[in-house]
Amino acid sequence: MDIPGICFSKLLVMNINIVQAAVFSFLTDFICAAFPSYLLRNLSIRRQSYIALCFLMGLGIVTGGIAVARTATTYQIKSPDLSCASVPNSLTRMLEVNIGNIAACVSIMKPFSRYVRAKITGRDPHQILQRKTTDSEFHPW
């Protein structure tokens, strides 16, 4: 059964995929990096903690920048010699994923570093990890 029609060329399909993946990737990186800062703007915490939180959330901007660099090197997948031409594209892809993972895991480092510091100094790690509260600050929930 023949169905009349015209197929898209391989080159057009590759170009559409490159643009779609690139735009989606760096837009989501930038939005996900900026959105927590918007949520934290009225949070009453120390300025030092606020700056640290904004910095940690801002690591997504670095990932977005790498996504832009990856997009700029994506044309290399059209090269007939992929073994050499695709190295910059592969490196930017690996950097984007790994820095994204680091940004996602960095938030747990503060309690972990306190625990390691307590172990090294020979103090009780559970005592260091407990937050010091007064009776007026105690909330049972």
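**Exercise 1. Decide whether Glu-96 is buried or exposed in this predicted model, and find out which residues it touches.**

Solution. Begin with the accessibility of Glu-96, whose relative accessible area is 12%. Because a residue counts as buried when this value is under 20%, Glu-96 is buried. Next, locate the residue in the fold: Glu-96 is found in helix H5. Finally, list its contacts, leaving out residues up to four places away in sequence; Glu-96 then touches Ser-25, Asp-29, Thr-63, Ile-66, Ala-67 and Arg-70.

**Exercise 2. Determine how many salt bridges a search of the whole structure finds, and explain which parts of the chain are tied together.**

Solution. The search of the whole structure finds 1 salt bridge. Its partners are Arg-70 and Glu-96, and their closest N and O atoms are 2.7 Å apart. Since Arg-70 lies in helix H3 whereas Glu-96 lies in helix H5, the pair ties together parts that are 26 residues apart in sequence. As a last step, look at the accessibility of each partner: Arg-70 is buried, with a relative accessible area of 7%, and Glu-96 is also buried, at 12%.

**Exercise 3. Describe helix H5: compare its span with the expected one, and work out where its buried residues lie around the axis.**

Solution. Helix H5 runs over residues 87-105, which gives it 19 residues, and the distance from its first C-alpha to its last is 27 Å, close to the 27 Å expected at 1.5 Å a residue. The buried residues of this helix are Asn-89, Thr-92 and Glu-96. They lie on the same side of H5, because they cover an arc of only 60° around the axis. This fits a general rule: an α-helix has 3.6 residues a turn, so residues three or four places apart point the same way. To complete the picture, ask what covers these buried residues of H5; the cover includes helix H1 (10-40) and helix H3 (59-73).

**Exercise 4. Examine Ile-66 and state which residues it is in contact with.**

Solution. Ile-66 is found in helix H3, and with a relative accessible area of 13% it is buried. Leaving aside neighbours within four places in sequence, Ile-66 is in contact with Thr-92, Leu-95, Glu-96 and Ile-99. Two of these names, Thr-92 and Glu-96, also appear among the buried residues of H5. As for Ser-25, Ile-66 is 41 residues away from it in sequence, while their C-alpha atoms are 10.0 Å apart in space.

**Exercise 5. Identify the residues of the nonpolar patch on the surface, and classify Leu-39 as buried or exposed.**

Solution. The nonpolar patch is formed by Val-19, Val-23, Leu-27, Ile-31, Phe-35, Tyr-38 and Leu-39, which together have about 700 Å² of accessible area. Leu-39 is found in helix H1, and because its relative accessibility is 56%, Leu-39 counts as exposed.

**Exercise 6. Summarise the chain as a whole, beginning with its helices and strands.**

Solution. The chain has 7 helices and 0 strands, and along the sequence these follow the pattern α-α-α-α-α-α-α. Of the 141 residues in the chain, 17% are buried. The accessible surface of the chain comes to about 11,200 Å², and 67% of this belongs to carbon and sulfur atoms. For contacts between residues at least 6 apart in sequence, 56% join residues at least 24 apart.

Note on methods:
Residues numbered from 1 in each chain as written. Predicted model: local features only at pLDDT ≥ 70, side-chain atom pairs only at ≥ 80, totals over all residues. Heavy atoms only, no water. Helix = DSSP H or I, 4+ residues; strand = E, 2+ residues; numbered from the N terminus. Expected span 1.5 Å × (residues − 1). Buried < 20%, exposed > 50% of the residue type's maximum accessible area, 1.4 Å probe, protein only. Arc of directions from axis to C-beta. Contact = heavy atoms within 4.5 Å. Salt bridge = Lys/Arg side-chain N within 4 Å of Asp/Glu carboxyl O. Patch = residues over 30% accessible without salt bridge, like charges linked within 9 Å, V, L, I, M, F, W, Y side chains within 5 Å. Areas by Shrake-Rupley, 256 points an atom, 1.4 Å probe, with all protein chains shown as cover.
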